[in-house]
Amino acid sequence: MTVRGTGAGESGRRSRAVTSSGRRIGASVPGRGGSGIHLVETIRAAAPHQATRTRTGSRIAFAGDDLRVAVREGRESNLVLFCVDASGSMAARRRMEQVKTAILSLLLDAYQRRDKVGLVTFRGDEATLALPPTSSIDIAARRLEDLPAGGRTPLAEGLQQVEKVLRLEAVRDPRRRPLLVVVTDGRATHGVDPLGRAHRMAAHLADTGVSSVVVDCETGRFRLGLGERLAEHLRAEHVPLGEVSAEALAGVVRSETVGLGTGRSA
């Protein structure tokens with residue numbers, strides 16, 4: 001899975017970005033991205049002015065404004081931020097064990113792709129930044145050892161915490177684009193108008209332009225479809241996963257074939 005659009009972040013192996021290496025896709029003037037002289041485009045920029053410039057023999061006369069640099073498209077690293085329902089609305093304890101296993105697996109993947117991974121959990125009446133964004137497997141392992149589960153479902157508070165984390169990371173690391181992965185069944189049971197507040201917060205996050213996916217863990221014969229409704233408000237990809245497993249959850253994030261921002265089922 002990749003962040004939609006083309007970024008300009010640190011070189012990595014996940015999302016499309018304008019980088020200093022990779023496939024050449026165009027040219028620009030210096031200072032607007034790109035690296036290395038693009039000789040053909042520099043000559044093209046100089047050619048219309050040759051009649052008015054001093055020439056020596058058959059040589060082309062260049063001016064500073066003629067210089068063009070190559071714009072290259074490669075891959076960038078990202079922040080993969082999980083927002084996970086740790087309440088009692090699902091099989092929370094088993095789910096958290098699977099999520100912990102998945103995140104540790106993804107950290108190995110992130111090390112190779114130069115990503116950061118973070119984790120927000122929500123349960124009871126609050127949300128917690130259980131794992132501040134990191135690329136350190138050792139730090140993640142220590143933070144993930146004991147994550148509590150159970151209680152009511154403060155979905156809106158979870159999304160509010162996500163907004164705070166993303167806002168802070170945008171200051172700390174402005175070139176690293178985020179990918180938000182919300183693991184939930186879409187239920188909200190804490191506070192006044194819990195579902196309405198959650199949907200309004202999701203719409204607010206969508207307005208910030210963050211690329212998101214909702215991993216819908218709703219199970220059972222009769223389903224409410226709340227995960228899909230959340231994805232619509234978040235303008236996120238909806239992935240109906242059913243039972244959460246570490247292998248399936250890691251696969252959702254590793255996949256580079258799922259398009260983000262459609263708000264439709266994969």
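1. Let's start with arginine 123. Leaving aside its neighbours within four places in sequence, arginine 123 is in contact with Ala86, Ser87, Pro148, Ala149, Gly150, Arg152 and Pro154. Please keep in mind as you look for these residues that the model is predicted. Arginine 123 belongs to strand S5, which covers residues 116–123. With a relative accessible area of 30%, arginine 123 is partly exposed, because values between 20% and 50% fall in that class. Try one distance yourself: from the C-alpha of arginine 123 to that of valine 84 is 9.2 Å, although 39 residues separate the two in sequence.

2. Now hop over to glycine 88. You will find glycine 88 in the loop that links strand S4 (79–85) to helix H2 (92–113). Which residues does glycine 88 touch, not counting those up to four places away in sequence? They are Gly150 and Gly151. Gly150 also appears among the contacts of arginine 123. In addition, the C-alpha of glycine 88 is 7.3 Å from that of threonine 153, a residue 65 positions away along the chain. Glycine 88 is partly exposed, at 47% relative accessibility.

3. These pairs lead to a point about the whole protein. Of the contacts with a separation of 6 or more, 79% are between residues 24 or more positions apart. Serine 211 gives you another pair to look at. The C-alpha atoms of serine 211 and leucine 180 lie 6.2 Å apart, with their positions 31 residues apart along the chain. Serine 211 sits in strand S8, residues 211–216. Is serine 211 buried or exposed? Its relative accessibility is 1%, so serine 211 counts as buried.

4. Here is the overall inventory. The protein contains seven helices and nine strands. It has 266 residues, and 47% of them are buried. About 13,200 Å² of the protein is exposed, and carbon and sulfur atoms supply 49% of that area.

5. Next, pick out helix H4 (residues 155–172) and helix H5 (residues 194–207). Their axes come within 8 Å and cross at roughly 20°. How are H4 and H5 oriented to each other? An angle under 35 degrees counts as roughly parallel, and H4 and H5 are therefore roughly parallel to each other. The crossing of H4 past H5 is left-handed. On the H4 side, the residues that meet H5 are Leu155, Ala156, Glu157, Leu159, Gln160, Val162, Glu163 and Leu166. From H5 come Arg197, Ala198, Met201, Ala202, His204 and Leu205. Sorted by class, the contact of H4 with H5 has nine nonpolar, two polar and three charged residues.

6. One member of that contact deserves its own look: glutamate 163, which is in helix H4. Not counting residues up to four places away in sequence, glutamate 163 touches Met201, His204 and Leu205. Is this glutamate buried or exposed? With a relative accessible area of 17%, glutamate 163 is buried, because the cut-off for buried is under 20%.

7. H5 has another helix to pack with, H6. The angle between H5 and H6 is about 40°, and their axes are 7 Å apart. H5 and H6 are therefore oblique to each other. H5 contributes Leu195, His199, Ala202, Ala203, Leu205 and Ala206 to the contact, while H6 contributes Leu226, Arg229, Leu230, His233 and Leu234. By class, the contact of H5 with H6 is made up of eight nonpolar residues, two polar and one charged. Notice that Ala202 and Leu205 of H5 appear in the contact with H4 and also in the contact with H6.

8. Finally, please check the backbone at two spots. Most residues other than glycine have a negative phi. Aspartate 193, though not a glycine, has a positive phi of about 45°. Aspartate 193 lies in the loop between strand S7 (178–184) and H5, and at 41% relative accessibility it counts as partly exposed. Arginine 235 is another residue other than glycine with a positive phi, near 55°. The loop that holds arginine 235 runs between helix H6 (226–234) and strand S9 (237–240). Arginine 235 counts as partly exposed, with a relative accessibility of 40%.

How values were computed:
Residues numbered from 1 in each chain as written. Predicted model: local features only at pLDDT ≥ 70, side-chain atom pairs only at ≥ 80, totals over all residues. Heavy atoms only, no water. Axes fitted to C-alpha atoms, helices over the stretch in contact; angles between N-to-C directions. Helix = DSSP H or I, 4+ residues; strand = E, 2+ residues; numbered from the N terminus. Parallel < 35°, antiparallel > 145°, perpendicular 65-115°, else oblique. Left-handed = near helix turned anticlockwise from the far one by under 90°. Contact = heavy atoms within 4.5 Å. Nonpolar A, V, L, I, M, F, W, Y, C, P; charged D, E, K, R; others polar. Buried < 20%, exposed > 50% of the residue type's maximum accessible area, 1.4 Å probe, protein only. Areas by Shrake-Rupley, 256 points an atom, 1.4 Å probe, with all protein chains shown as cover.
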